[in-house]
Amino acid sequence: MDLPLWLALIVVGGLGIKLIRPPWWLVAVILLGGYLLADSVLAPLIDNTLSK
């Protein structure tokens with residue numbers, strides 16, 4: 001079964017929010033931080049670290 005990454009992230013994120021119930025500000029900070037980090041100069045370093 002081929003599942004798009006965005007759909008898998010939505011499902012896992014939805015289940016995590018429903019089961020763990022983190023505060024909404026924490027979810028927003030993590031999403032915004034990930035978005036900003038993906039567009040930073042550190043992105044190639046993180047990509048190389050995760051690809052190994």
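Which helix gives the most to the nonpolar patch? Before selecting anything, note that this is a predicted model, in which local features need pLDDT of at least 70 and side-chain atom pairs count only at pLDDT 80 or more, while totals for chains, interfaces and linings use all residues. Residues are numbered from 1 along each chain as its sequence is written, and side-chain values use heavy atoms, with hydrogens and water left out.

Begin with the whole chain in cartoon view, where there are three helices and zero strands, arranged along the sequence as α-α-α; helices are DSSP runs of H or I with at least four residues, strands are runs of E with at least two, and both are numbered from the N terminus. The chain is more spread out than a compact globule, because its radius of gyration is 13 Å, well over the 10 Å that the globule rule gives for 52 residues (taken over C-alpha atoms, the rule being 2.2 Å times the number of residues to the power 0.38). Turning the C-alpha trace along its principal axes, you will find that it spans about 35 × 35 × 15 Å.

Next, select Leu-37, Val-41, Leu-42, Leu-45, Ile-46 and Leu-50, which make a nonpolar surface patch of about 600 Å². Then colour residues 43-51, helix α3, which is the answer to the opening question, since this helix gives the most to the patch, with three residues.

Finally, centre on Ile-46, which is found in helix α3 and counts as partly exposed because its relative accessibility is 32% (between the limits of under 20% for buried and over 50% for exposed, with a 1.4 Å probe and protein chains only).

Definitions and conventions: Patch = residues over 30% accessible without salt bridge, like charges linked within 9 Å, V, L, I, M, F, W, Y side chains within 5 Å. Areas by Shrake-Rupley, 256 points an atom, 1.4 Å probe, with all protein chains shown as cover. Salt bridge = Lys/Arg side-chain N within 4 Å of Asp/Glu carboxyl O.
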